[in-house]
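Reader: Hey, got a minute to walk me through this one? I'd like to go over the contacts and the odd backbone spots.

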Amino acid sequence: MESANDDDHRANGSGSDDNRLPKKPKLSSSSFITDSEVIEEFGHHQPGIARINNGSFGSCPASIIAAQKCWQLRFLQQPDDFFYNNLQKRILHSRGIIKDVINAEHVEEVSLVDNATTAAAIVLQHIGWAFAEGRFQKGDAVVMLHCAFQAVKKSIEAYVTRAGGSVIVVHLPFPLSSEEEIVAEFRKALAKGKENGKKVRLAIIDHITSMPCVVIPVRDLVKICREEGVERVFVDAAHAIGNVHVDVREIGADFYVSNLHKWFFCPPSAAFLYCRQSPVSPDLHHPVVSHEYGNGLAIESAWIGTRDYSSQLVIPEVLEFINRFEGGIEGIRTRNHNAVIEMGQMLANAWGTALGCPPDMSPSMAMVGLPANLRILSDKDALNLRTHLRDHFGVEVPIHYQEIKELQDGGDAYVTGYARISHQVYNKVDDYIKLKDAILQLVRDGVTCKMLGSE
């Protein structure tokens with residue numbers, strides 16, 4: 001009787017020609033995707049909404065949705081044939097494409113998982129076992145940024161602290177004026193983790209923090225970790241691929257995860273987890289245990305039971321879509337970055353505020369200070385304003401509350417609220433003007449967030 005462990009359905013195939021990244025076709029300027037085609041690709045977006053929050057859930061073009069439906073139908077037509085003869089080969093092909101996009105050395109280093117949350121569970125489960133089994137000493141530390149994603153904080157709680165690990169939090173200032181401010185605070189946290197003879201066993205570093213949004217100098221921080229004897233480094237880069245340049249060999253971390261459904265146009269949900277080949281590689285396991293347990297993380301992740309794998313299978317089609325744009329993925333991210341900075345500065349000028357960090361520390365997202373008159377004084381206020389903008393103005397944008405530690409003289413010193421704007425290929429200038437006008441109207445009407453909370 002055949003089982004899910006049979007070699008004919010399992011493939012790592014690092015020597016397969018299927019793994020090579022297709023060369024980007026040389027297109028003439030007349031062959032690139034047109035503005036009207038972009039509008040058609042995202043025509044399923046709800047009309048009348050200024051959707052300037054690509055950072056939260058991403059966006060998927062119509063052609064990729066159609067390709068996904070084809071894969072779903074192929075499975076439903078003949079599941080056994082699809083499972084035994086197609087699924088693993090196609091996942092391997094997708095992994096090979098990602099390997100080349102991120103410049104990994106081996107396809108075995110690339111696993112496809114649901115999202116960055118799953119990847120964090122894989123890495124932190126591994127660290128938790130090391131504490132529980134005595135390979136790490138009780139009280140040794142995990143270092144993380146204070147603005148780490150909430151799911152990462154909960155995974156630390158679930159896997160590490162309950163097994164005896166301690167947590168050192170790096171408190172980053174905001175607004176920021178330079179990368180040196182981040183580096184200084186990170187060095188302080190590492191020093192604290194090494195007090196009294198303890199060791200820092202894992203550093204978790206965001207490549208792009210979510211709220212507030214800042215590009216972190218990951219290569220510099222990873223280098224510091226190596227110099228300071230940090231055991232392992234995990235880069236949580238949920239927003240990164242398609243948003244900033246990603247070269248995992250250049251970055252040098254042990255683990256690196258990025259969602260593919262945020263800025264890489266995959267349907268939700270899909271992500272890759274890069275695990276640099278090392279002696280600890282065999283001890284990394286998917287938290288959902290199925291037939292493939294013990295065959296390597298990439299193979300374990302490629303079969304976690306009957307489910308819809310189509311979001312991982314459309315990666316070749318996604319790459320074809322990306323290459324319809326001039327400059328491919330690098331061209332898209334450069335244009336998005338330039339546009340979001342231009343729109344951010346336009347909004348800041350209109351509101352009398354400033355951007356939360358320099359342009360070179362912003363990806364395809366930017367933090368724009370909101371007028372102090374709105375009285376954003378808590379996370380609840382920020383949520384109320386976000387909801388009001390959605391319900392009454394048709395604007396979808398996250399709002400961040402930033403507590404002021406020390407009052408200083410200066411134009412933006414009293415700003416406690418920031419709008420995190422995104423720019424993706426479907427956005428238009430009118431989306432940002434709609435946000436600008438909505439905020440100015442609230443200010444003119446004397447509206448405060450406390451008033452919104454009573455709606």
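**Backbone, charges and rings**

Author: Sure. R375 sits in the loop between strand 9 (365–369) and helix 14 (379–393). Keep in mind that this is a predicted model.

Reader: OK, R375 then. What's its phi?

Author: Phi of R375 is near 55°, a positive value in a residue other than glycine.

Reader: And why would anyone flag that?

Author: Because most residues other than glycine have a negative phi.

Reader: Is R375 buried, exposed or partly exposed?

Author: R375 is partly exposed, since its relative accessible area is 48% and the exposed class needs over 50%.

Reader: What's the phi of F265, which isn't a glycine either?

Author: F265 has a positive phi of about 75°. You'll find F265 in the loop between strand 7 and strand 8. F265 has a relative accessible area of 1%, so this residue is buried.

Reader: Switching to peptide bonds. Which ones are cis?

Author: The bond from M211 to P212 is cis, with omega near -5°, and the bond from P268 to S269 is cis too, with omega near -5°. P212 belongs to the loop between strand 5 (200–206) and helix 8 (218–227). S269 is in the loop between strand 7 and strand 8, where F265 is also placed.

Reader: Let's do charges. How many salt bridges does the structure hold?

Author: There are 19 salt bridges in the structure. One of them pairs R307 with D114, with the closest N and O atoms 2.4 Å apart.

Reader: Where along the chain do those two sit?

Author: They come from distant parts of the chain, 193 residues apart. R307 is in the loop between helix 10 (297–302) and helix 11 (310–313), while D114 is in the loop between strand 2 (110–113) and helix 5 (116–132). R307 counts as partly exposed because its relative accessibility is 25%.

Reader: What about R276, who's the partner there?

Author: R276 meets D254 in a salt bridge, 3.2 Å from N to O. R276 lies in the loop between strand 8 (271–275) and helix 10, and D254 in the loop between helix 9 (248–251) and strand 7 (255–259), so the pair ties together parts 22 residues apart in sequence.

Reader: Buried or exposed, those two?

Author: They split. R276 is partly exposed, with a relative accessible area of 33%, whereas D254 counts as buried at 10% relative accessibility.

Reader: Which residues are joined into one network by salt bridges that share partners?

Author: D140, R201, E231 and R232. Within that group, E231 and R232 form a salt bridge whose closest N and O atoms are 3.9 Å apart.

Reader: 3.9 Å? Why does that still count?

Author: Because the cut-off for a salt bridge is within 4 Å, and the E231 and R232 atoms are 3.9 Å apart. As for accessibility, E231 is partly exposed at 34%, and R232 is buried at 9%.

Reader: Where does negative charge gather on the surface?

Author: E179, E180, D220 and D360 form a surface patch of negative charge. E180 is part of helix 7 (residues 179–193). With 58% relative accessibility, E180 counts as exposed.

Reader: On to rings. How many aromatic pairs does a search of the whole structure find?

Author: It finds 13 aromatic pairs. Among them, F42 and F321 are edge-to-face: 6.4 Å centre to centre and 75° between the planes.

Reader: How far apart in the chain are they?

Author: 279 residues. F42 lies in the loop between helix 1 (35–41) and strand 1 (50–51), and F321 in helix 12 (residues 315–322). F42 is buried at 5% relative accessible area, and F321 is buried at 3%.

Reader: Which cluster do ring pairs link F42 into?

Author: The cluster holds F42, F265, F321, F325 and Y426. So F265, the buried residue at 1%, turns up here again.

Reader: Last one: how far is R90 from Q312?

Author: Their C-alpha atoms are separated by 8.6 Å, though the two are 222 residues apart along the chain. R90 is found in helix 4 (residues 79–102) and is partly exposed, with a relative accessible area of 23%.

How values were computed. Residues numbered from 1 in each chain as written. Predicted model: local features only at pLDDT ≥ 70, side-chain atom pairs only at ≥ 80, totals over all residues. Heavy atoms only, no water. Patch = residues over 30% accessible without salt bridge, like charges linked within 9 Å, V, L, I, M, F, W, Y side chains within 5 Å. Areas by Shrake-Rupley, 256 points an atom, 1.4 Å probe, with all protein chains shown as cover. Salt bridge = Lys/Arg side-chain N within 4 Å of Asp/Glu carboxyl O. Lys, Arg positive; Asp, Glu negative; His and termini not counted. Charge placed at Lys NZ, Arg CZ, Asp CG, Glu CD. Helix = DSSP H or I, 4+ residues; strand = E, 2+ residues; numbered from the N terminus. Buried < 20%, exposed > 50% of the residue type's maximum accessible area, 1.4 Å probe, protein only. Phe/Tyr/Trp six-rings, centres within 6.5 Å; stacked < 30°, edge-to-face > 60°.
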